[in-house]
Amino acid sequence: RRPARPHRDLIYPQDAPPCRHKLGPSIRIMQWNILAQALGEGKDGFIRCPLEALNWSERKYLILEEILTHRPDIVCLQEVDHYHDTFQPIMASLGYHGSFLAKPWSPCLDVEQNNGPDGCALFYSRSRFSLQTTLHLRLSAMMLPTNQVAIVQILNCQLTSKQLCVAVTHLKARSGWERVRSAQGANLLQSLRSITSRSRGSNVRSSGTNPLVVCGDFNAEPSEDVYRRFRSSPLGLDSAYKLLSADRQTEPPYTTWKIRPTGESCSTLDYIWYTHDSLSVDCLLDIPTEEQIGPDRLPSFHYPSDHLSLLCDISFKEAP
Ligand code: NDP
Ligand code: CA
């Protein structure tokens with residue numbers, strides 16, 4: 001029998017400053033690198049994961065189960081190589097609008113019998129939001145175009161009439177590429193500054209910051225330059241998952257944990273950034289324990305990706 005999917009509680013951070021100016025019900029956001037089917041079967045070399053646990057015919061249901069368990073209002077995914085044949089139609093039938101942007105030269109295309117390129121996907125609940133703008137960005141680094149992309153959308157919240165800008169990205173992987181990641185992050189931040197300032201319009205009072213959420217697999221530990229760039233950007237971003245820690249300043253110990261022929265890799269690479277002046281985090285989905293993840297790490301029969309899903313509820317802060 002299959003082991004059960006790890007149970008994860010929603011944590012309401014203690015001693016969270018009471019937000020007296022919360023506007024409307026919270027917005028649930030999911031960030032998840034779902035592991036491209038072609039990479040998982042053909043390139044990653046997860047030596048402790050049985051190949052049968054990677055069968056797409058079953059694994060897709062575990063991915064959808066994770067999404068349906070939490071019913072996020074916004075779903076940000078990386079490594080999507082089954083958008084058109086799976087996620088687009090199924091998510092549409094569940095009430096979501098979807099947008100997909102493939103990587104220009106996806107490594108999936110090198111795998112025999114691939115299902116097309118992988119890329120980023122962004123879904124929002126049509127009952128909660130209407131779409132104002134979609135931007136498909138190819139990230140550059142030191143003026144040169146790269147193989148990494150981002151989707152940015154400006155959404156109008158139907159319940160509060162507030163605007164929310166959401167971005168999803170997947171930065172360059174592997175060690176030795178820290179400077180490229182940093183430059184890609186700088187490029188994305190620059191684009192977001194120009195997009196959010198334009199979307200405000202000239203007749204909007206310019207107090208506070210434009211509500212913005214950036215979800216991604218940054219492929220960077222918190223010690224990397226790209227993390228520091230996001231933390232110190234003029235957009236006023238903070239990382240939601242720090243709120244799970246006792247001091248509220250520390251990222252979780254891992255967001256991905258896998259075993260390759262080169263060894264075990266347990267690291268924090270995935271983030272949900274939010275503008276702390278205009279948004280507050282109400283709760284976050286806890287990180288499974290080492291015991292829940294199990295000795296063979298991820299992916300596994302009970303968890304379909306090598307990256308954990310991140311999930312939090314955020315609210316608009318009403319201007320005081
Ligand atoms: P990245 O280095 O960003 O990584 C691509 C994927 O590989 C990521 O999804 C990453 O997962 C995963 N990955 C990270 N570390 C490892 C590892 N140690 N072993 C196996 N997989 C890993 O790739 P780029 O986007 O820069 O693309 C480079 C690739 O693109 C080349 O490998 C080449 O195969 C391919 N390419 C294909 C071309 C074509 O014509 N088809 C042309 C040019 C390039 P995660 O983010 O989860 O860490
Ligand atoms: Ca991967």
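## A guided tour, starting at Glu-79

Begin by selecting Glu-79, which you will find in strand E3, residues 74-80. Keep in mind as you look around that this is a predicted model. Now check the backbone at this spot: Glu-79 is not a glycine, yet its phi is positive, at about 60°.

Next, show the calcium ion, ligand 2. Which residue coordinates the calcium ion? Glu-79 does, with its OE atoms listed twice as donors, at 2.1 to 3.1 Å.

Leave Glu-79 on screen and bring up ligand 1. There are 19 residues around ligand 1, and Glu-79 is listed among the closest, together with Lys-103, Asp-110, His-170 and Lys-172. Show these as sticks, then look for three polar contacts:

- Lys-103: an N or O atom of the side chain sits 2.6 Å from an oxygen atom of ligand 1.
- Gln-148: a polar side-chain atom is 2.9 Å from an oxygen atom of ligand 1.
- Asp-217: a side-chain N or O atom lies 3.1 Å from an oxygen atom of ligand 1.

How much of ligand 1 does the protein cover? On its own, ligand 1 has 930 Å² of accessible area, and the protein covers 74% of that.

Now turn on a surface and visit the largest pocket, with a volume of about 880 Å³. To find its centre, select Asp-44, Ala-173, Arg-174, Asn-219 and Arg-260, the closest to that point of the 37 lining residues. Then colour the elements that each give two or more residues to the lining: strand E7 (144-157), helix H4 (178-200), strand E11 (256-260) and strand E12 (263-267). By residue type, the lining of the largest pocket has 16 charged, 13 polar and eight nonpolar members.

For the last stop, go to Pro-299, in the loop between helix H6 (290-293) and strand E15 (310-317). Is the peptide bond from Leu-298 to Pro-299 cis or trans? The bond is cis, with omega near -10°.

How values were computed: Residues are numbered from 1 along each chain as its sequence is written. Chains are lettered from A and ligands numbered from 1 in the order in which they are written. This is a predicted model: local features need pLDDT of at least 70, side-chain atom pairs count only at pLDDT 80 or more; totals for chains, interfaces and linings use all residues. Side-chain values use heavy atoms; hydrogens and water are left out. Donors are N, O and S atoms within 2.8 Å of the metal (3.2 Å for Na, K and Ca); water is not among the atoms, so sites may look incomplete. Helices (H or I, at least four residues) and strands (E, at least two) are DSSP runs, numbered from the N terminus. On a 1 Å grid over the protein atoms alone, a cavity is a set of points where a 1.4 Å probe fits but cannot get out, and a pocket is an open set with protein on both sides within 12 Å along at least five of seven lines; lining residues have an atom within 4 Å of a point. Grid points are joined across faces, edges and corners, and a volume is the space filled by probe spheres set on the points. Ala, Val, Leu, Ile, Met, Phe, Trp, Tyr, Cys and Pro count as nonpolar, Asp, Glu, Lys and Arg as charged, and the others, Gly among them, as polar. A residue is near a molecule or strand if one of its heavy atoms lies within 4 Å of it. A polar contact is a pair of N or O atoms within 3.5 Å; within protein, one must be able to donate a hydrogen and the other to accept it, and residues adjacent in sequence count only if both atoms are side-chain atoms. Accessible areas come from the Shrake-Rupley method with a 1.4 Å probe; for residues, only the protein chains shown count as cover.
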